[in-house]
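Here is a quick tour for anyone meeting this structure for the first time. Have a look at the picture, then read on.

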Amino acid sequence: MKNGWLHKLGLALALAVLGSTGANAQLQEVDILNTPVDISKDFVDYNNTFYFADELVNFDPKTGKGTVKYLRNDYQTRQAFNNMLMRPVPVEANEFPTTEYEVSPELPFEIQFVSDRTVRIKMASGPQFHKQEESLMLIDGIAPNRPELWKYSKIDGGHSYSNQYGRVEILSKPWHVKLYDGKGKLLTSTLHSSDVTNTYTPVLPFSYVRRNSDYSRSMAAVLSLEPGEKIFGLGESFTQFNKRGQKVVLWVDDANGVQNETMYKPIPFYMSSRGYGVFMHTSSPITVDFGKYFNAANNMMLGNDVADLFFFLGEPKDILDEYTDLTGKSEMPPLWSFGFWMSRITYFSEKEGREIAANLRKYKIPSDVIHFDTGWFDVDWRNNYEFAADRFEDPVDMMKDMKEDGFHVSLWQLPYFTPENTLFNEIVEQGLAVKDRKGNISFEDAVLDFSNPETVTWYQGKLKHLFDQGVGVFKVDFGEAAPANGLYHSGRTGFYEHNLYPLRYNKAVAELTKKEKGYSLIWARSTWAGSQRYPLHWGGDAATTNTAMSATLRGGLSLGLSGFTFWSHDVGGFVTAAPEDLYRRWTPFGMLSSHVRSHGEPPTEPWLYNESFLEAFRKADNMRYELMPYIYAQAKESSEQGLPMMRALFVEFPNDPGSWLIDDQYLFGSDMLVAPLFEATTERDVYLPPGRWIDYQSGKVYDSGWHTIKAGDVPIVALVKDGAVIPHIRLAQSTQDMDWKNIQLKVFASDNVNSATGKVYLPEGEKAEIIKVSKKGNSFEVSENPLNGKTSFKTEWKK
């Protein structure tokens, strides 16, 4: 009896932990299928051999090519007063015959100059017989080399290249690469073993490891970290915003939420508060220790046997512009994508979809997209690219009617096919799936191999059929489980293809969408460097809690600092039905993001809560639709400059120390500051950067610094930069009904401001135009209007 009671209790606890949906989450940090690969373990394994970069043996300043000598070391243990120590010790060769192998190998080193702000360092740990000339991560496949932009000079002990933005020094012995800004401040330097002789902590210098298990090699690019230095970026990371003091594993993973250290969207790029950024150009596993082990060392442990590093100089805007010039800027999505997306998991029928469309219009919830998630097939989750015939009587007619009423249809799909899927045999027989070491498929599921052009053709054919029926956009879900040990058509294993899989997946859908529909748009969850070219991406499966809401913002800010202009998240959270108060506060946060979708466990539709909630939701949605000219113009300008729509404060205020410390507020475009309510309260502390700020809802004026600010009727704190013009448009229920010939310019200016500016970008326009207004008496009037004749403006002074 007692044992039976314990068994039932244990079963109940297990069910509580695993959840009741049937899609149970993966426990992390255990060695099971698709556990993130933490390459750092190999760099502390004393069974391995380590080679420390020591000396620049030769160098040709004209070509930027030379060789670096590496000294061989092993880690050895030493017991001291009942404490076991482990430290590197120089060793002789262990190969036989002794005449055939180098004890201290001399290996390639190269410096290139991509632009006047971008420097590339390439180093190899051994011969490269299989050279891949083009990279999918780079916008043109290869990076330019323009050494004429930098002036060479010989210096004592080495070489120097410089221009107005910075200087690179290459010192011969001990070997260093030092990076300076235009004013001569040292930004960072490679670490040599001699740099850390003044500490008892054994610190790994710039080096590579040779695994004694298989003689494979991986590079450790180790740089200095300076006091007070902060690190940001690395993709959609949900841990603390500043990565200094953290160890970050860059391995695409189904994170199963937004409150742990794994990522749907890791990006091998980061920026430092000291004025430089780094792109680790590889798709191999990466682990970066930003001073977690030793606070003065930034250890980039690359799975790759080559270290290919791009360094960018300047302020955050300069760095993002340079990085996205290299890896691609986000294309501008269509206007309707900026409208509200209505979804849940899931709508199962044409009848249900038509009812949602009718209710959105009935309850006057402005919206442009209706999304059908996992249930539009015959069997829920069984993706076969066919509407269930018994539940969708005429999907073509349904989508035609929805389009006429201002709705575009979004469909869910994924690249994994279960054995019961009607397409499974076709995929396997045609060799379209990733294979294992024997030539079978890697998992029980067939995983599409997007490195195979025939797979891409087959896959795009399935989507084209749906585009022809009237689909507007596809949800590019999953993509995080490419087999790590699989063999790919590219000739590489998952060690190099796993992280690249989301980029190939994003690209396949986005390029077909552009070809068939004429616009660039997907709704994707997983990414790698370069995925920002294919907007847009959303933030994964958030819990329905305050902490998940705040972590969602940190993830969005980090992704924005990784080259992504557009990003969204599931308003209210995903995992369970959203509590009313949380959903009420999350809604305006979503409405003041680049794109907005309500999605998750039902109910998500605002009319299914109560009249008070419906009214609150409608107010926030109306606010977004009236702000559409501002949102659209900021989107256009941001996409052209590689800037995020939702941006960290320091992007606009890099010289303000306080702006580098804030991770629970953001700038929405260049002129609006947003502070969501992460708790059930009506006010919150808000940090305002230099200048004066005007409350968007109340009109109250604030100076810079900390303030406790009450939210308005829409439960969020939103302020506008003093002297900014925020263009508005008359409310419409969809973007197709907006009147762009009549724009209202709301002028946010304190009494001592005599002129203000804003940006307007018209649909089908070429660029965002600057509109200037000047004070005349008690009002402002348009004084400069490059859109004269295309639209008329009415001004309103918000004071």
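What follows goes from the overall fold to the aromatic rings and then to three single residues.

## The big picture

Keep in mind that this is a predicted model. The chain contains 13 helices and 44 strands. Its C-alpha atoms fit in a box of roughly 85 × 75 × 60 Å along the principal axes. How does the spread of the chain square with a compact globule? A compact globule of 799 residues would have a radius of gyration near 28 Å, and the chain has 28 Å, so the two agree.

## Inside and outside

Of the 799 residues, 59% count as buried. Now take contacts between residues at least 6 apart in sequence: 67% of them join residues at least 24 apart.

As for the outside, the chain exposes about 31900 Å², and carbon and sulfur atoms supply 50% of that. The chain carries 83 positive and 102 negative charges, and the mean positions of the two sets are 4 Å apart.

## Rings that pair up

A pair of aromatic rings is described by the distance of the centres and the angle of the planes. Searching the whole structure turns up 60 aromatic pairs. In one of them, the rings of phenylalanine 113 and tyrosine 161 have centres 4.9 Å apart and planes at 50°, so this pair is tilted. Phenylalanine 113 sits in strand β4 (residues 106–113) and tyrosine 161 in strand β7 (residues 158–163), so the pair ties together parts that are 48 residues apart in sequence. Phenylalanine 113 counts as buried because its relative accessibility is 3%, and tyrosine 161 does too, at 4%.

Tyrosine 632 and tryptophan 740 make another tilted pair, with ring centres 5.8 Å apart and planes at 55°. This one links distant parts of the chain, 108 residues apart: tyrosine 632 belongs to helix α12 (residues 628–641), while tryptophan 740 is in the loop between β39 (724–729) and β40 (742–748). Both tyrosine 632 and tryptophan 740 are buried.

There is also an aromatic cluster to look for, whose members include Tyr347, Phe372, Trp376, Trp412 and Phe478.

## Arginine 117: a buried loop residue

Arginine 117 is in the loop between β4 and β5 (118–124). Is arginine 117 buried or exposed? With 15% relative accessibility, and the cut-off for buried being under 20%, arginine 117 counts as buried. Leaving out residues up to four places away in sequence, arginine 117 touches Trp150, Tyr165, Phe311, Phe312, Leu313, Gly314, Asp318 and Glu322.

## Methionine 591 and tryptophan 693

Methionine 591 lies in helix α10 (residues 580–591). A relative accessible area of 1% makes methionine 591 buried. Beyond its neighbours within four places in sequence, methionine 591 is in contact with Phe340, Val596, Phe617, Ala620, Asp621 and Arg624. Valine 37 is 554 residues from methionine 591 in sequence, and their C-alpha atoms are 36 Å apart.

Tryptophan 693 is in strand β35 (residues 693–695). At 0% relative accessibility, tryptophan 693 counts as buried. Which residues does tryptophan 693 touch, not counting those up to four places away in sequence? Among them are Phe653, Leu667, Asp671, Leu688, Tyr702, Leu719 and Asp722. Methionine 672 is 21 residues from tryptophan 693 along the chain, with 9.1 Å between their C-alpha atoms.

How values were computed. Residues numbered from 1 in each chain as written. Predicted model: local features only at pLDDT ≥ 70, side-chain atom pairs only at ≥ 80, totals over all residues. Heavy atoms only, no water. Helix = DSSP H or I, 4+ residues; strand = E, 2+ residues; numbered from the N terminus. Rg over C-alpha atoms; globule rule 2.2 N^0.38 Å. Buried < 20%, exposed > 50% of the residue type's maximum accessible area, 1.4 Å probe, protein only. Contact = heavy atoms within 4.5 Å. Areas by Shrake-Rupley, 256 points an atom, 1.4 Å probe, with all protein chains shown as cover. Lys, Arg positive; Asp, Glu negative; His and termini not counted. Charge placed at Lys NZ, Arg CZ, Asp CG, Glu CD. Phe/Tyr/Trp six-rings, centres within 6.5 Å; stacked < 30°, edge-to-face > 60°.
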